[in-house]
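Got the viewer open? Let's take a walk through this one, selecting a few things at a time.

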Amino acid sequence: MAAGEPGDLGGYYFRFLPQKTFQCLSTPETTSRLRQWSMLGRVTAQAFGFDQTFQAYRKDDFVMAFFKDPNVIPNLKLLSDSSGQWITLGTEVKKIEAINVPCTQLSMSFFNRLYDEDVVRDNGHIVKCLDSFCDPFPVSDELRKVLLVEDSEKYDIFSQPDREEFLFCLFKHLCLGGALCQYEDVLPPYLQTTKLLYKDLVSVRKNPQTKKIQITSSVFKVTAYDSAGVCYPSTKSHEQTFSYFIVDPIKRHVHVLYHSYGKHLLCKLIPVKYREPAWSRRKRIPRCLPVRGSGAVISSIKK
């Protein structure tokens, strides 16, 4: 039997936890940012509990049991590719893929190198560059070159292991946004929102021997298949369509962070005043920003 296919699923049973809220996605400031980045209405976080000891080496059994559980099937949310409305899965999962995502970072100083390498100025403004395109994303600043353009001069300031970290993945997803993303001219909104998400999703505890904070969560990037092919997180593949399972083995909770790339649902209903994307504006309006080293930008994630 291939990994990720049905078999002995280890007796896991799940329960939906609707009372668990994720403030990182619902504060007015975050909502405003997600709207600007074309992610509002297309991103969600849900919580489920489970009843057995979680063992990371049996992650495939765990994830398959999750998709088979009668308490998950009517509650797990995803966006319909056809209508753009929130639905439940509505198909039988035949196979899953759960990719380990390293989750070891405890400090936002992880991103200090963006200042050190002049990707971002000390006042927080992102350095601009000549416009180019890295399908399907426009590239008009040094930050997007670092994120997307492998042969760019500063791409290597983050190593491949760095780029696999869950903290980096969250940051990159927010920076790239949705189909009508209006990019920021400055770095702090990306860092602040990344930090809020990370704190809300990831669990930590103090090691009783060393007294140091350590992460207890395991993170997986999950794809599910039915008899026709990929069915979750979407039948359409895109770098910005994802589902991460963040498992807390102590509380026996699993947080599901989901996003489907596309246009904000309200864009289909409400005409909005066009705002020229940040990357194409000629005139910049100075903003009062925290500078590098300020606690508002670079600080301990769990502080």
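Before you click anything, one cut-off: a residue is called buried when its relative accessible area is under 20%, exposed when that value is over 50%, and partly exposed in between. Keep in mind, too, that you are looking at a predicted model.

**Stop 1: the whole chain.** Show everything as a cartoon. You should find seven helices and 13 strands. Of the 303 residues in the protein chain, 52% are buried. Now think about contacts between residues at least 6 apart in sequence: 71% of these join residues at least 24 apart. Switch to a surface view and you have about 14900 Å² of accessible area, with 52% of it belonging to carbon and sulfur atoms.

**Stop 2: the largest nonpolar core.** Select Phe111, Leu114, Leu143, Phe166, Phe171, Leu187 and Leu257, and show their side chains. This core has 54 residues, and those seven touch the most other members. Next, color the elements that each supply at least two residues of the core: β2 (43-50), α3 (113-116), β7 (137-141), α4 (142-148), α6 (166-176), α7 (188-201) and β12 (242-248). Which element gives the largest share? That is α6, with nine residues.

Zoom in on Leu187. Leaving aside residues up to four places away in sequence, Leu187 touches Leu114, Tyr115, Val120, Gly124, Ile126, Leu143 and Phe171. Then pan over to another core, which lies apart from the largest one and holds 29 residues; Tyr12, Phe14, Leu79 and Val222 are among them.

**Stop 3: salt bridges.** How many does a search of the whole structure find? It finds ten. Start with Lys59 and Asp60, whose side chains meet at 3.3 Å, N to O. Lys59 has a relative accessibility of 13%, so this lysine counts as buried.

Select Lys128 and Asp185 next. They form a salt bridge too, with the closest N and O atoms 3.3 Å apart. Here distant parts of the chain are linked: Lys128 is in strand β6 (residues 128-134), while Asp185 is in the loop between α6 and α7, 57 residues apart. Lys128 is partly exposed because its relative accessible area is 29%, whereas Asp185, at 15%, is buried.

Now go back to α6 for another pair. The side chains of Lys172 and Glu239 meet in a salt bridge at 2.9 Å, N to O. Lys172 lies in helix α6 and Glu239 in the loop between β11 (229-232) and β12, so the bridge ties together parts 67 residues apart in sequence. Buried or partly exposed: which is Lys172? With a relative accessible area of 18%, Lys172 is buried; Glu239, at 36% relative accessibility, is partly exposed. To finish this stop, select Lys68, Glu92 and Lys94, which are joined into one network by salt bridges that share partners.

**Stop 4: the cysteines.** Select Cys175 and Cys181 and look at the sulfurs. Why is there no bond from Cys175? The closest cysteine sulfur, in Cys181, is 8.7 Å away, so it is too far for a bond. Indeed, the structure holds zero disulfides. Cys175 is also buried, at 0% relative accessibility. For a last click, try Cys134, which counts as partly exposed because its relative accessibility is 24%.

Conventions
Residues are numbered from 1 along each chain as its sequence is written. This is a predicted model: local features need pLDDT of at least 70, side-chain atom pairs count only at pLDDT 80 or more; totals for chains, interfaces and linings use all residues. Side-chain values use heavy atoms; hydrogens and water are left out. A disulfide is a pair of cysteine sulfur atoms within 2.5 Å. Buried means under 20% relative accessible area, exposed over 50%, partly exposed in between (1.4 Å probe, protein chains only). A nonpolar core is a set of buried Ala, Val, Leu, Ile, Met, Phe, Trp, Tyr and Cys residues joined through side-chain atoms within 4.5 Å. Helices (H or I, at least four residues) and strands (E, at least two) are DSSP runs, numbered from the N terminus. Contact means heavy atoms within 4.5 Å. A salt bridge is a side-chain nitrogen of Lys or Arg within 4 Å of a carboxyl oxygen of Asp or Glu. Accessible areas come from the Shrake-Rupley method with a 1.4 Å probe; for residues, only the protein chains shown count as cover.
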